[in-house]
Amino acid sequence: LPGDNIALSRIGADQITAIANSGTPVSLLATNNITFSAPINITNPSISLTATAGNNIFVNSDIFTVRGNVTLSALAGDVVVNRAVINSNRPETGIAGDIQVFARNQISLIDSLVRARSDGAGGFSTIRLVSSQGSVSLNNSNVSATNFGTGFAGDIFIDAPNRIDLTNNSQIFSRGTFGRILLGVSNGEELVNRRVTALPATISISNSTLDAENDVTNQGRIGVFAQTEVAISNSLLRSRSQNTDADNFSRIEIFARSGSVDLNNATVSTTNFDSGLAGDVIISAAERLTVTNDSNIFSRGRLGRILIGRSNDFSSSYPDFSPNTIAVDNSTLNTNNSSVTGVPGTVVNVGGVSIRANGNISLANSSSVFSSSNRRGSAGDVDVETRGDLTLTDSDIQSNLEAGGIGRSGRVRVDARAVFLFTNPNSERAAQIQTLVR
């Protein structure tokens, strides 16, 4: 259906729905704007909707398909989804369709939901929000790819050259086997060589959640990749599962290729509640990494690791990709096996914590970097490596076998130009480096 400005009122939306439900895919093409102002409900399975506008696309009402793809493209303008739902569902079983939103300038989701819900095996859905020259923002909005069956959960890609902003209780979920949430790339192939990938200048996540979860199978992957700055405040990034898989594990990766990563009252965690691998948390920046204001980075379960400034563990393209400075203030980095509820008596060894910087590393204000075991299994090693100084102020670095643990404490290794330990007279925490069996 070609036109200049297409405004889908109730009559227009009913006509589009009727055409699609007769078995004909629908394509809308406008030289200027397309506005969805009334619901479109396509119930004929696998019938797709495509809308291409020369300027802007405004989605002010819901769009539903059953396993059908939804593709919205604003060739020279914005896509704004305002208090609306874009949903590709499955009737009973099967894989939902793909939802793809492209714009030259801004993509904005305001009080909205973009969702692909599957229940089946084989294949997966993709949700893609990509701005070619502008930014992407989510304000009190949800994006989710879910598979309630045995198939893959699906991928969520969000990419833009300027900014990606998640604010005001926005949530991104991928629930099911091997689901991925990737901010800063528009397809999986870009992960192969991030040296040549154009990344967003800034990614800001405020009062929001990124969650990759599956109850019984493999965890997913969360990636936050920016060029200059990643700022995460009052937010949760989490990957959880409950399985015995000894081969596959989740990853949460955060990096700023030429700038800084700042975590402020943020939680970043991987957890496996059974005896399978817990997964890794990997964070690096070129200039500065700060972890402040009661932030928590942890991996709970078998051999889960925290790797700070150890980019060669996840990208051979960056063998020296470590921050110039690392500052941890009133925050915790911890690997442990306390959450494992699998078969009693199973040995669940804990992974290590590794921190590397080109310059100074500081821990202050009751911060702690430690690995611990309180069940059958040994604690992990803690390695701190810097070409500069390591300063601990009312803070500690430890590897402990806690009460109830059966195994060994890990090793603590520090390689620095100088080590300074300061304990203030009124502090409740002594500055110390130790291994301990309680």
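**A walk through a strand-rich predicted model**

Let's start at one residue. Valine 414 sits in strand β42, residues 412–415. Strands here are DSSP runs of E with at least two residues, helices are runs of H or I with at least four, and both are numbered from the N terminus.

A word on the source. This is a predicted model, where local features need pLDDT of at least 70, side-chain atom pairs count only at pLDDT 80 or more, and totals for chains, interfaces and linings use all residues. Residues are numbered from 1 along each chain as its sequence is written, and side-chain values use heavy atoms, with hydrogens and water left out.

Back to valine 414. Is this residue buried or exposed? Neither: valine 414 is partly exposed, because its relative accessible area is 29%. Buried means under 20% relative accessible area, exposed means over 50%, and partly exposed lies in between, with a 1.4 Å probe and protein chains only.

Which residues does valine 414 touch, leaving aside neighbours within four places in sequence? Val384, Leu390, Val419 and Ile433. Contact means heavy atoms within 4.5 Å. Isoleucine 355 is 59 residues from valine 414 in sequence, and their C-alpha atoms are 9.7 Å apart.

Two of those contacts, Val419 and Ile433, lead us to the surface. Together with Leu421, Val419 and Ile433 make a nonpolar patch of about 220 Å². Patch residues have over 30% relative accessible area and no salt bridge; nonpolar side chains (Val, Leu, Ile, Met, Phe, Trp, Tyr) are joined within 5 Å, like charges within 9 Å. A salt bridge puts a side-chain nitrogen of Lys or Arg within 4 Å of a carboxyl oxygen of Asp or Glu. Isoleucine 433 belongs to strand β44, residues 432–437. Its relative accessibility is 33%, so isoleucine 433 counts as partly exposed.

Now the whole chain. It has one helix and 44 strands. Of its 438 residues, 57% are buried. Take contacts between residues at least 6 apart in sequence: 74% of them join residues at least 24 apart. The chain exposes about 16,400 Å², with 46% supplied by carbon and sulfur atoms. Those areas come from the Shrake-Rupley method with a 1.4 Å probe.

Next, the inside. In soluble globular proteins, nonpolar side chains tend to be buried together. The largest nonpolar core here has 87 residues. Phe36, Ile57, Ile172, Leu183, Leu210 and Ile254 touch the most other members. A second, separate core has eight residues, including Leu182, Val185, Phe225 and Ala286. A core is a set of buried Ala, Val, Leu, Ile, Met, Phe, Trp, Tyr and Cys residues joined through side-chain atoms within 4.5 Å.

Now some strand pairing. Aspartate 165 is in strand β19, residues 163–167. Aspartate 165 counts as buried because its relative accessible area is 17%. Strand β16, residues 136–139, runs parallel to β19, joined by four bridges. Pairing requires at least two DSSP bridges between two strands. Asparagine 139 stands opposite threonine 167 in β19. β19 also pairs in the parallel sense with β22, residues 202–206, over four bridges. There, serine 204 is the bridge partner of aspartate 165.

Last, two loops. Leucine 303 is not a glycine, yet its phi is positive, about 55°. Leucine 303 lies between β32 (296–300) and β33 (305–308). Serine 366 also has a positive phi, near 60°. Serine 366 sits in the loop between β37 (361–364) and β38 (368–373).
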